[in-house]
Amino acid sequence: QKQIQLAKRPIGTPSMEDFAFIEAPIGTPSDGEVLIRTVYISVDPYLRGRMQDVKSYIPPFRLNEVITSGIIGQVVESKSEQFAKGDVIIGTLGWQEYSIANEKEIRKIDATLAPVTANLSIIGMTGLTAYFGLLDIGQPKEGETVVVSGAAGAVGSTVGQIAKIKGARVVGIAGTEEKCRYLLDELGFDAVINYKQEDVSSALEKACPNGIDIYFDNVGGSISDAVFPLLNKFARIPVCGAISSYNKVEMDMGPRVQTALIKTSALMKGFTLGDYSSRFKEGGTALATWLNEGKLKYEETITEGFDHIIDAFLDLFKGANLGKQLVKVADI
Ligand code: NDP
């Protein structure tokens, strides 16, 4: 079977040479284990951080070992009483065509609740990130102005819709006209800014006549710099991601934020989804309910073929994806 390992720690933007496609044995499951055929692979911006040898909330990938991420697969052989052949499962597994997993590492997906891929997006990792970051840290109130960067991505598009559910006015920042139209026409955002075409500072001033109460930050960098001067008193800033810096060899410096925070008594708080692990059930149920009520929509960009996993991962940094980027490597 094919497997993808990290061959080198990327410097700057990763390239194909940083990864190795290896032929590896499939193996056979022991008691309490199952053999899984990989079906969908989630590629995520945070994986870039794991490719560096730095201390973080999650250990770095090791060189010459298989890369892992969120995966949906199907059980082809079971030595576990909890799983049967044919079960569709989700877990953090390797970028390889087959995996052997312990029964404790995976859980069954209920395909009657939502399409299976939704478990990697809207009711899964990215939906939950939007849910907890916005509601716990952002605490949106009716009539407030919420600005979200990376707005047409998996997390950002969910943040904007949840903010609308809570009665806020939502301004999205994204990188193409197609994405901006989608946010306005399909998701009901109140205003959008194409940061590649417009001057973000003046566009924000126009789009936020009453200032900004919540800034949900997915990208950092100069887009975030433009937000700080417009913060309202007691603004909240869930710091979710900083994708504009993930491939930077040297960190760039923007305006310093302290005075903006002091002047407005704003709260800026970083988080990772893991902080909320005890509440995943609550979040998953709320998201699935909104989805089934038609209050939440989602898009997925699905790249086909095991050989294109790296392309799909690199596409995240080029903004090629609308909604959640996934790779399909087999049929269910
Ligand atoms: P997305 O689906 O949003 O994909 C990434 C998007 O980022 C691209 O489509 C692109 O859209 C945008 N982008 C890429 N490069 C830049 C840049 N230099 N400046 C501005 N925008 C850029 O990914 P996710 O929804 O999975 O993740 C969004 C953010 O949330 C990431 O920063 C990620 O690390 C973070 N995250 C954090 C979690 C946590 O627990 N804290 C959990 C999950 C995600 P465009 O065309 O608009 O440029």
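Start by colouring the two domains: the C-alpha centres of domain 1 and domain 2 lie 29 Å apart. Keep in mind as you go that this is a predicted model. To make the selections, use 2-120 + 299-328 for domain 1 and 125-274 for domain 2, as the domain assignment gives them.

Next, look at where the two domains meet. Here 15 residues of domain 1 are in contact with 17 residues of domain 2. On the domain 1 side of this contact you will find six nonpolar, seven polar and two charged residues.

**The ligand**

Now select the ligand and show the residues around it. Both domain 1 and domain 2 give residues to this shell, so the ligand lies between them. There are 31 residues around the ligand, and those that come nearest are G153, V155, G175, G241 and G319. Two elements, α2 and α3, give two or more residues to the shell. The largest share, three residues, comes from α3. If you colour the shell by class, you should get 15 nonpolar, 14 polar and two charged residues.

**From T176 into helix α4**

Pick T176 next, in the loop between β9 and α4. Is T176 buried, exposed or partly exposed? It has 16 C-beta neighbours inside 10 Å, so T176 counts as partly exposed. Leaving aside neighbours within four places in sequence, T176 is in contact with N194 and G319. G319 is also among the residues that come nearest to the ligand. For a sense of scale, draw a distance from T176 to I11: their C-alpha atoms are separated by 27 Å, and the two residues are 165 apart along the chain.

Carry on into helix α4, residues 177-185, and show the side chains of K179, C180, Y182 and L183, which are buried. Turn the view to look down the axis of α4: these buried residues fall within an arc of 160°, so they line one face of the helix. They pack against α3, β9 (169-174) and β10 (191-194). On the other side of α4, E177, E178 and D185 are exposed.

**Helix α8**

Move on to α8 by selecting residues 280-292. This helix has 13 residues and reaches 18 Å from its first C-alpha to its last, close to the 18 Å expected at 1.5 Å a residue. Which residues of α8 are buried? They are G283, L287 and W290. Look down the axis of α8 and you will see them fall within an arc of 65°, so they line one face of the helix. The spacing is worth a thought here: an α-helix has 3.6 residues a turn, so residues three or four places apart point the same way.

What do the buried residues of α8 pack against? Show α2 (125-138) and α3 (154-165) to see their partners. Both α2 and α3 will be familiar from the shell around the ligand. Then flip to the other side of α8, where K281, T285, T289 and N292 are exposed. After the helix comes G294, whose phi is positive, near 80°.

**Last stop: G94**

Finish by selecting G94, in strand β5 (residues 88-94). With 22 C-beta neighbours inside 10 Å, G94 counts as buried. Not counting residues up to four places away in sequence, G94 touches Q3, V66, I67, T68 and S99. Draw one more distance, from G94 to I67: they are 27 residues apart along the chain, yet their C-alpha atoms are separated by 5.6 Å.

Technical notes
Residues are numbered from 1 along each chain as its sequence is written. This is a predicted model: local features need pLDDT of at least 70, side-chain atom pairs count only at pLDDT 80 or more; totals for chains, interfaces and linings use all residues. Helices (H or I, at least four residues) and strands (E, at least two) are DSSP runs, numbered from the N terminus. The expected span of a helix is 1.5 Å times one less than its number of residues. A residue is buried if 20 or more other C-beta atoms lie within 10 Å of its own, exposed if 12 or fewer, and partly exposed in between; C-beta atoms are placed from the backbone. The arc is that of the directions from the helix axis to the C-beta atoms. Two residues are in contact if their C-beta atoms, placed from the backbone, lie within 7 Å. A residue is near a molecule or strand if its C-beta atom, placed from the backbone, lies within 6 Å of it. Ala, Val, Leu, Ile, Met, Phe, Trp, Tyr, Cys and Pro count as nonpolar, Asp, Glu, Lys and Arg as charged, and the others, Gly among them, as polar. Domain bounds come from an automatic or database domain assignment.
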